[in-house]
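Let's take a walk through this model together. Have a look at it first, and then we'll go piece by piece.

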Amino acid sequence: MKNIAILCSGGDVSGMNPALKHFVEYSLEKKLTPYFIYDGYEGLIDNNIEKVSYSDVSGIINRGGTKIGSARSKRFMSQKYREIAKQNLDILNIQMLVVLGGDGSFRGLDTFYKEHNVKFCGIPSTIDNDINGTDYCLGVDTALNTIKTSIDAIRDTASSFKRAFVVETMGRDCGYLALVTALTSGAELCLIPEIKYDLNSYEEDFKIQMKNGRRYFLAVISEGIDNSADEISNWFEEKIGIESRVSILGHIQRGGNPSVYDRLMAYKFVTYAIDGLLNGENNSVICHTKNDFVYKSINEVVNTSHTLDKELISCINKPS
Ligand code: F6P
């Protein structure tokens, strides 16, 4: 039997628990012995590692966060602690690692591979959706749905009171959450770090809209922009002449019941990660790409019947 371990590193996301569940089940199906490493690389250094089985992952598919904890480990950046981590893996004869995290977590993992030859597969997991090479990171869909629910509620009170609302989303240096939210929530203003903005350029138009009867404004801003939410709010009050409030959504965006899409993506990411490791992908990140739109002929669309995804069909319960 080969041994394989999983850990979560960096900001947790909804979808990690479904990923842990499938990790255990799929490892066992592939005749691997699964291990959990608790609290990210910190647990790897402190030997907080446990052999697991089905009962360890029952009842977690619907829970946000991660049952095994996550952390941002400064110690793993130092060679001395990576050596201790390797010794801990050797004691348990663990040869393969699956790591749910962001690009910082993967960088450390690659150094670990180069030093100690521990095979790994990274699963992009961050609500920021800012990892190059993948269109999707685990947790993004749940975060966007949480933001959507919050903004829909804010719109109710904004319209009742004739107010502007400045809603700040997470994203560190990436405006993805704010951008998609603004598009799908009908916001009047969207400010993200990737695009330079000049508030003055909105002034005249917003004032005209007010004169024409607009009752409220929704502004969605990303945490990484140069101005604070309070500054944008003051601008609405002072320059546009409308009362304004700030709503910083904060960490509620990271938690909550994982969406269907995140559960499905957790399942697929883990399957590919383990298959990759078993098939010689020794130091990779499993990326999801080509979420494209394609024009197809009427003939192809209407004259061929739809078939279910073969890969999905192959996943449903098989008799043991
Ligand atoms: O990386 C995910 C993220 O939620 C960012 O969007 C945010 O800037 C950061 O983590 C918050 O980190 P912490 O949980 O340490 O406050």
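Measure from centre to centre over the C-alpha atoms, and domain 1 and domain 2 sit 34 Å apart. Keep in mind that this is a predicted model. Which stretches of the chain make up the two domains? Domain 1 comes in two pieces, 2–139 and 258–304, while domain 2 runs over 141–254. The domains do touch: 15 residues of domain 1 are in contact with 12 residues of domain 2.

Now for the ligand. Where does it lie relative to the two domains? Domain 1 and domain 2 both contribute residues to the shell around the ligand, so the ligand lies between them. The space it takes up is also the largest pocket.

Let's meet the neighbours. Around the ligand you'll find Arg72, Thr126, Asp128, Met170, Gly171, Arg172, Glu223, His251 and Arg254. Sort that shell by class and you get 5 charged residues, 3 polar ones and 1 nonpolar one.

Some of these neighbours are worth zooming in on. Asp128 has a polar side-chain atom 2.6 Å from an oxygen atom of the ligand. For His251, a polar side-chain atom lies 3.0 Å from a ligand oxygen atom. Arg254 joins in too, with an N or O atom of its side chain 2.9 Å from an oxygen atom of the ligand. And how much of the ligand does the protein bury? On its own the ligand exposes 400 Å², and the protein buries 76% of that.

Conventions:
Residues are numbered from 1 along each chain as its sequence is written. This is a predicted model: local features need pLDDT of at least 70, side-chain atom pairs count only at pLDDT 80 or more; totals for chains, interfaces and linings use all residues. Side-chain values use heavy atoms; hydrogens and water are left out. A residue is near a molecule or strand if one of its heavy atoms lies within 4 Å of it. A polar contact is a pair of N or O atoms within 3.5 Å; within protein, one must be able to donate a hydrogen and the other to accept it, and residues adjacent in sequence count only if both atoms are side-chain atoms. Accessible areas come from the Shrake-Rupley method with a 1.4 Å probe; for residues, only the protein chains shown count as cover. On a 1 Å grid over the protein atoms alone, a cavity is a set of points where a 1.4 Å probe fits but cannot get out, and a pocket is an open set with protein on both sides within 12 Å along at least five of seven lines; lining residues have an atom within 4 Å of a point. A molecule sits in a cavity or pocket if more than half of its atoms lie within 2 Å of its grid points. Ala, Val, Leu, Ile, Met, Phe, Trp, Tyr, Cys and Pro count as nonpolar, Asp, Glu, Lys and Arg as charged, and the others, Gly among them, as polar. Domain bounds come from an automatic or database domain assignment. Contact means heavy atoms within 4.5 Å.
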